[in-house]
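Here are some notes for a colleague who is coming to this structure without earlier acquaintance. They are set out as numbered points, to be read beside the sequence and the model.

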Amino acid sequence: MFDLRLDEAADWIISRGYARVALQFPEGLKSKAIEVSRRLSERTGTSFFIVGDPCYGACDIFEYRGTADALVHFGHSPIPSQGDDPDVMYVEAFYEGDIGSHVSAIADSLPHKVGLMATVQYVPGIKRAREVLEAAGKEVLVSGGDARILYPGQALGCNSSAMPGEAEHILFIGEGDFHPLAAALGTDVEVTVLNPITGEHRRIADLKDRLLRRRFAAIERARSAQRYLIVVCSKKGQDRTALADSVIRKAVSAGKEAYKVRMTEIGPDALSVYADADVYVITGCPRIALDDSARYSKPVLTPPEAEIALGLRNWDDYIIDEIRSPQSGLK
Ligand code: SF4
């Protein structure tokens, strides 16, 4: 169902003569890791190991140097702004099914000007969706993103820069809620999510409303906080140290105490030891605050949300925290 391009990966490894290769998978593909390792080993005679640490994006590329000659990273596309490494091969694991009938089934319910977006596995479906929608008389819009985005229409959970600005409606192709929710938070246009495997589709407005209510509650809890812990993630594509320093300055100017902690894996256990902090501000992956905050005992805010809690931004000016390309903010 998902194309792991094992023949291509084997040819790449053989042609370059790598003796030791690391294999990195996101959580959703780890169940395939042993089988992939076995098949690549049979084809190439190379020594492989599987990277066991959690991985949620290409922002978190394993540092293979020292333990391997090369890395095959499954499940994500490169993030162009992070630079190119000829010893890393990305296998996006594109979905191989045809989504045409699912798109056709909802075409009549969509307005005339439809923007298309997708998570990386379903980027090939954008072309198919465009064909079907144009055949149904729709005007279809697909935009390129910033330097963090490789494919037109591709969405990351932290980056919706490929949102087509002129669309009357966004059709988002993907599983799960977080990516379309992140996209919906960045626009007033309605978003329909189409599950490309099951054909299930739904509008995201209610979910967006519920998420905003939860965020409002977290910000309100943080308003009386005195001690801010600003969390920097040291993963290559999540390190926003300059942004963290800016939040610290703002918190101190507002009469708060502010401290900075730097870590690789941000999680409830890792932060619970800082028991005398009143609020955590996460400058790493925005998903931690927006999607996972129920797992934490203290309010967990994004940097723009911290500005609201500090009285520097109005709730009416709420913006989603995104990690844009270096030119637009990631330092
Ligand atoms: Fe995905 Fe978060 Fe990394 Fe962005 S920062 S690519 S949302 S894991």
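1. A93 lies in the loop that runs between β5 (88–91) and β6 (94–95), and in this predicted model its backbone deserves a look, since A93 has a positive phi of about 65° although it is not a glycine. The relative accessibility of A93 is 1%, and A93 therefore counts as buried, the cut-off for that class being under 20%.

2. R5 may be read alongside that residue, because R5 too is not a glycine and has a positive phi, here of about 45°. Its place is in the loop between β1 (2–3) and α1 (6–16), and at 19% relative accessibility R5 counts as buried; a reader should keep in mind that the class is defined as under 20%.

3. T119 is another loop residue to locate, found between β7 (113–118) and α4 (124–135). With a relative accessibility of 10%, T119 counts as buried. T119 and S81 are separated by 38 residues in sequence, and their C-alpha atoms are 18 Å apart in space.

4. For the chain as a whole, the model contains ten helices and 15 strands, and 53% of its 331 residues count as buried. The C-alpha trace spans about 60 × 55 × 30 Å along its principal axes. A compact globule of 331 residues would have a radius of gyration near 20 Å, and the value of 21 Å for this chain agrees with that expectation.

5. Strand β10 (residues 190–194) is a useful place to begin with the strands: four of its five residues are buried, so β10 is largely enclosed by the rest of the structure. On one hand β10 runs parallel to strand β9 (residues 169–173), to which five bridges join it, and within this pairing I173 stands opposite L194 of β10. The connection is also worth tracing by eye, as β9, helix α5 (residues 178–185) and β10 together make a right-handed β-α-β unit.

6. Strand β10 also pairs with strand β11 (residues 201–203), this time in the antiparallel sense and over three bridges, with T192 standing opposite R203 in β11. Six residues lie between the strands of this hairpin, and in it G199 takes a positive phi near 85°.

7. Which strands form the open sheet with parallel pairing, and in what order do they stand? There are four of them, in the order β13-β12-β14-β15. At the edges stand β13 (257–263) and β15 (300–301), each of which has a single partner strand, so that one side of each is left without a neighbour in the sheet. Strand β12 (residues 227–233) is joined to β13 by seven bridges, the two running parallel, and I230 has K260 in β13 as its bridge partner.

8. The largest pocket holds about 1300 Å³ of space. It is lined by 50 residues, of which P26, Y56, H76, H179 and R287 are the closest to its centre. By class, the lining has 25 nonpolar, 14 polar and eleven charged residues. Helices α5 and α9 (287–292) each supply at least two residues of this lining, and α9 gives the most, with four; α5 is also the helix of the β-α-β unit described above.

9. The second largest pocket has a volume of about 370 Å³. Among the 20 residues that line it, those closest to its centre are I61, Q82, D85, Y90 and K236. This lining divides into nine nonpolar, four polar and seven charged residues.

10. Finally, the enclosed space should be kept apart from the pockets, and here the count comes to one cavity of 30 Å³ or more. About 40 Å³ of space lies in the largest cavity, whose lining consists of Y95, G97, I99, Q121, Y122, P124 and G125. Four of these lining residues are nonpolar and three are polar, with no charged residue in the lining.

Methods: Residues are numbered from 1 along each chain as its sequence is written. This is a predicted model: local features need pLDDT of at least 70, side-chain atom pairs count only at pLDDT 80 or more; totals for chains, interfaces and linings use all residues. Side-chain values use heavy atoms; hydrogens and water are left out. Buried means under 20% relative accessible area, exposed over 50%, partly exposed in between (1.4 Å probe, protein chains only). Two strands pair if DSSP finds at least two bridges between them. A crossover is right-handed if, with the strands pointing away from the viewer, the path from the first strand over the helix to the second runs clockwise. On a 1 Å grid over the protein atoms alone, a cavity is a set of points where a 1.4 Å probe fits but cannot get out, and a pocket is an open set with protein on both sides within 12 Å along at least five of seven lines; lining residues have an atom within 4 Å of a point. Grid points are joined across faces, edges and corners, and a volume is the space filled by probe spheres set on the points. Ala, Val, Leu, Ile, Met, Phe, Trp, Tyr, Cys and Pro count as nonpolar, Asp, Glu, Lys and Arg as charged, and the others, Gly among them, as polar. The radius of gyration is taken over C-alpha atoms; the globule rule is 2.2 Å times the number of residues to the power 0.38.
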